[in-house]
Amino acid sequence: MDAQEVYFLEAKTLQNHHGGLVLVGDHVYGGHGHNRGFPIAVDHIVGDAGSGGAFTNSGTFTKQGLSGSTTFNVPFNHTGGQVNVQNGFLTLSGGGSATAPIDISAGKKIMVSGAIPYTFGAGVSLTGTGKVEVPTGATLTVNTNVNFPGLHLTGGTVNGAGDVRATTG
């Protein structure tokens, strides 16, 4: 008998093949992969232990549960499927990019924070009535035309080649 692994990701890319998460201190470690879903039902920080890794979503990522923040201090790359912010807020402080749909429920938000820019690229669309917030020191690069249901600039920067249509919030 010859066993062969036919699907794998780079060693620094986390997978959530069996749906498990590990809580270590204030950080939730897990990943995304084969099962195409990653619901976050807790408010914690997703961090990196120095591997230079990233979180890549190509399925369904849903922020639900508690009303606080789920924070990504690693690049959050949304390459396919759907991101849903149904409760609290999703904080993206490690950079990354989105090229697929995002739905933000009423009264909820995505906060782009930190010194590493976050990028909206071709394929991203925003639905719902929630908002995207860009505080002081943060940069959101918009490289495609985007309609923001709510855009809240509190000292941050929005730049890029795309057209931005927004309601203030």
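**Exercise 1. Determine how many helices and strands the protein has, and how confident the predictor is in the model.**

Step 1. Counting the secondary structure elements gives zero helices and 20 strands.

Step 2. This is a predicted model, and the pLDDT of the protein averages 80, with 69% of the residues scoring at least 70.

Step 3. Two stretches call for care: over residues 11–19 the pLDDT stays under 50, and the model has 24 contacts beyond four places in sequence for them. Residues 31–42 also have a pLDDT below 50, and in the model this stretch has 53 contacts beyond near neighbours in sequence.

Step 4. As for the protein as a whole, 41% of its 169 residues count as buried, and among the contacts with a separation of 6 or more, 21% are between residues 24 or more positions apart.

**Exercise 2. Describe the open sheet of six strands, naming the order of its strands and those that stand at the edges.**

Step 1. Reading across the sheet, the order is S5-S8-S11-S14-S17-S19, and the pairing is parallel.

Step 2. At the edges stand strand S5 (55–57) and strand S19 (157–159); each has a single partner strand, so one side of each is left without a neighbour in the sheet.

Step 3. From one strand to the next, the twist averages 20 degrees.

Step 4. For a pair inside this order, take strand S8 (residues 76–78) and strand S11 (residues 96–98), which are joined in the parallel sense over three bridges; here His 78 lies opposite Ala 98 in S11.

**Exercise 3. Follow the pairing of S10 with strand S7 and with S13, using Leu 90 as a guide.**

Step 1. Strand S7 (residues 69–72) pairs with S10 in the parallel sense, over four bridges, and in this pair Thr 70 stands opposite Leu 90.

Step 2. S10 is also joined to S13 by four bridges, and these two strands run parallel; the bridge partner of Leu 90 in S13 is Ile 110.

**Exercise 4. Decide whether Lys 109 is buried or exposed, and find its polar contact.**

Step 1. Lys 109 belongs to strand S13.

Step 2. The relative accessibility of Lys 109 is 17%, and because buried means under 20%, this residue counts as buried.

Step 3. The side chain of Lys 109 makes a polar contact, at 2.9 Å, with the side chain of Glu 133.

Step 4. Beyond residues up to four places away in sequence, Lys 109 touches Val 85, Gly 88, Phe 89, Leu 90, Ile 104, Lys 131 and Glu 133.

**Exercise 5. Identify the residues that touch the most other members of the largest nonpolar core, and the strand that gives the most to it.**

Step 1. This core holds 26 residues, of which Ile 102, Phe 120, Val 132, Leu 140 and Phe 148 touch the most other members.

Step 2. Several strands supply at least two residues each, including strand S9 (82–85), strand S12 (102–104), strand S16 (131–135) and strand S18 (146–154). With three residues, S18 gives the most to this core.

Step 3. Setting aside neighbours within four places in sequence, Phe 148 is in contact with Phe 120, Leu 126, Val 132, Leu 140, Val 142, Val 164, Arg 165, Ala 166 and Thr 167.

Step 4. As a general background, nonpolar side chains tend to be buried together in soluble globular proteins.

**Exercise 6. Locate Asn 87 and list its contacts beyond neighbours within four places in sequence.**

Step 1. Asn 87 is in the loop between S9 and S10.

Step 2. Although Asn 87 and Leu 66 are 21 residues apart along the chain, their C-alpha atoms are separated by 6.6 Å.

Step 3. The contacts of Asn 87 outside its neighbours within four places in sequence are with Lys 63, Gln 64, Gly 65, Leu 66, Ser 67 and Lys 108.

Notes:
Residues are numbered from 1 along each chain as its sequence is written. Side-chain values use heavy atoms; hydrogens and water are left out. A nonpolar core is a set of buried Ala, Val, Leu, Ile, Met, Phe, Trp, Tyr and Cys residues joined through side-chain atoms within 4.5 Å. Buried means under 20% relative accessible area, exposed over 50%, partly exposed in between (1.4 Å probe, protein chains only). Contact means heavy atoms within 4.5 Å. pLDDT is the predictor's confidence in each residue, from 0 to 100. A polar contact is a pair of N or O atoms within 3.5 Å; within protein, one must be able to donate a hydrogen and the other to accept it, and residues adjacent in sequence count only if both atoms are side-chain atoms. Two strands pair if DSSP finds at least two bridges between them. Axes are lines fitted to C-alpha atoms, for helices over the stretch in contact, and angles run from 0 to 180 degrees between N-to-C directions.
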